[in-house]
Amino acid sequence: MSLELADVRKVAKLSRLEVSDADLTTMAAQLNRILDYVDALQEVNTDGVEPLAHPLPLQNVFRDDVPTPSLSVAEALANAPSRQGSHFGVPAVFDSDEPVSH
Amino acid sequence: MGEPYKIVVGLEVHVQLLTKTKLFCGCLNQFGLPPNSATCPVCLGMPGTLPVMNRKAFELSLRAALALNCQIAGFTKWDRKNYYYPDLPKNFQTSQYDLPFSHDGFLEVNVHPDPKKGFTPKTVRIIRAHLEEDAGKSMHDDSGRGGDSKVDLNRTGTPLLEIVSHPDIETPEEAIAYLEEVRLMLRELGVSDCEMQEGSLRCDANVNIHVPQSDGSVHATPLVEIKNLNSFRSVGRAISYEAKRHAEEYARDPENFRIEHRLKTTAGWDDPKGVTVVQRHKEAAADYRYFPEPDLVPVIVSKDEVERVRAAMGELPSQQRTRLATQYGLTAYDAEVLTAKGRPMVAYFEEVAGILKDGKAAANRLSDLVYPALTDRREELAEFPLTPAAFAAFVGGTAALPKQDRGEVFKAMLDKGVTLDAAKALVGIQVFDESALRTAVQAAMAANPRAVADFKGGKDAAKMAILGGVMKANKGAPNDVVRRLLDEELAKA
Ligand SMILES: [Zn+2]
């Protein structure tokens with residue numbers, strides 16, 4: 001499997017990362033090396049091995065529907081670079097590619 | 001109807017579940033709390049935190065899926081749906097991708113052309129229902145000066161059930177009927193309060209049209225997903241609008257305005273203007289880069305567990321309609337209206353019908369008197385002053401009165417808080433004691449042995465002479481009561 005520059009540019013955009021063209025070339029090469037490394041897994045014989053959804057031999061881990069204390073508003077907002085009263089403040093989103101809701 | 005095309009609609013409904021706490025942490029799941037007062041490191045997406053699934057959320061989801069006649073998967077897992085938005089602090093939504101906990105269900109809805117007059121069932125198939133977390137809320141600056149948006153993360157991580165229908169819906173009315181049925185059922189089952197105003201029920205509509213061709217094939221127009229639908233009415237309006245728009249665009253460019261040539265688009269519904277506004281081309285599923293959520297372990301649901309949840313579910317609206325119709329002889333329509341009023345009203349009806357031994361009379365008097373009274377008085381049934389026994393006594397005691405008098409007696413009982421007899425007196429209706437009337441009937445028969453004998457000999461008309469005598473001596477007595485008493489006494493004679 002080999003990534004083209006366009007693939008890396010797309011992944012960077014989806015990840016909201018700004019990457020210069022020069023870095024893009026470096027990253028494409030590095031990402032391709034990682035993919036090659038992971039490709040080694042293809043050599044393992046998986047005949048008769050069930051697909052695994054999770055590596056831990058655990059299932060059905062639940063908690064009861066019981067409230068626990070939340071943070072104070074001040075604590076919740078403590079790491080926010082910008083605030084609007086009791087809200088997080090974020091720059092307005094105008095990019096028409098932005099998802100509106102999911 | 002009558003259009004040269006078929007409307008095709010699939011609905012995606014999101015409902016917030018009635019849990020006390022969020023899906024993965026113990027923060028409160030409650031509407032209307034002060035902004036950012038119900039958050040913790042887990043739902044803020046802080047590094048190093050771990051989610052733990054709320055058992056109640058999973059149980060409510062199972063209950064809903066069973067009510068939607070879905071198959072329950074024996075094995076289910078969660079996945080990360082990756083996208084960046086300020087109200088999603090983790091930068092991914094924990095959702096279910098390829099192994100949802102339920103799939104392949106159906107719901108029967110009333111698609112009678114006039115749902116106020118009749119009941120015509122139609123089956124809408126359900127593709128899947130899955131359990132995911134909600135995002136927070138962003139409030140944008142409307143001043144137009146591009147000020148910061150405000151983000152409240154109280155809703156972040158609250159449990160959300162997504163129900164996806166097949167595109168089986170063919171009219172705006174059917175879409176509304178489907179939503180009404182989903183809402184009624186989920187409310188009755190205690191799964192969600194389904195308040196569209198508070199966002200605990202949200203709906204997106206996938207719409208296109210199918211245009212039949214002379215060679216028997218069909219041209220389908222490109223899919224549009226309509227969002228921002230904030231009432232059932234706007235769902236109906238948006239579907240009508242979009243279908244007309246598709247028909248026009250197709251007429252202009254029948255070669256290219258086709259599903260195979262255009263990407264799916266997303267449009268917002270502008271309710272005041274009554275138009276849809278195209279927002280963007282939908283990202284393909286691969287762009288969300290779904291992958292299994294490593295921080296949650298899978299859930300395995302046994303057949304016993306499914307049966308336990310099913311047994312605890314109680315009667316579904318569809319089952320209730322059928323039972324009310326067969327057990328009480330109600331029409332399909334009356335059974336539907338009653339069911340739509342909710343379980344407390346059905347229980348009230350059943351008590352009244354049981355006392356009266358007449359389901360039809362109970363249903364009729366509820367719909368002419370109790371439903372409008374509750375609306376006028378802005379009351380819930382729990383606050384209504386008449387107990388089922390008192391209402392049954394009222395129905396029995398006013399059966400012979402003209403409709404208007406009955407209405408006045410009812411109003412007096414409610415407004416003045418008085419008994420049936422006192423209300424009759426207030427309205428000016430003479431109260432006749434049944435035992436006194438019976439004595440009068442017996443006396444009239446004793447005074448007229450000839451008429452009694454003629455009646456016994458087969459002359460039905462002879463009865464009228466006795467009846468006339470009783471009525472003359474007891475002006476204003478309820479004619480039907482006297483008739484009944486007379487029939488009873490003649491049968492004994
Ligand atoms: Zn939390």
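## Chain A

Chain A contains three helices and three strands. Followed along the sequence, these elements come in the order α-α-β-α-β-β. Chain A has 102 residues, and 7% of them count as buried.

## Confidence in the model

This structure is a predicted model. Its scores are ipTM 0.86 and pTM 0.82. For chain B the mean pLDDT is 91, with 98% of the residues at 70 or more. Where pLDDT is low, the predicted coordinates should not be read in detail.

## Domains of chain B

The domain assignment splits chain B into domain 1 (6-304), domain 2 (315-427) and domain 3 (434-492). Between the C-alpha centres of domain 1 of chain B and domain 3 of chain B there are 68 Å.

## Nonpolar cores

The largest nonpolar core has 77 residues. Which of its members touch the most other members? They are Ala64(B), Ala175(B), Tyr178(B) and Ala205(B).

What does Ala205(B) touch, leaving aside residues up to four places away in sequence? Its contacts are Val9(B), Leu11(B), Ala175(B), Ile226(B), Leu229(B), Val235(B), Ala238(B) and Ile239(B). Ala175(B) therefore appears twice here: as a contact of Ala205(B) and as one of the core members that touch the most others, contacts being counted where C-beta atoms lie within 7 Å.

Another core, of 28 residues, lies apart from the largest one. Val346(B), Val352(B), Leu366(B) and Phe410(B) are among its members.

Terms used: Residues numbered from 1 in each chain as written. Chains lettered and ligands numbered in written order. Predicted model: local features only at pLDDT ≥ 70, side-chain atom pairs only at ≥ 80, totals over all residues. Core = buried A, V, L, I, M, F, W, Y, C linked by C-beta atoms within 7 Å. Buried ≥ 20, exposed ≤ 12 C-beta atoms within 10 Å, placed from the backbone. Contact = placed C-beta atoms within 7 Å. Domains from an automatic or database assignment. pLDDT = per-residue confidence, 0-100. Helix = DSSP H or I, 4+ residues; strand = E, 2+ residues; numbered from the N terminus.
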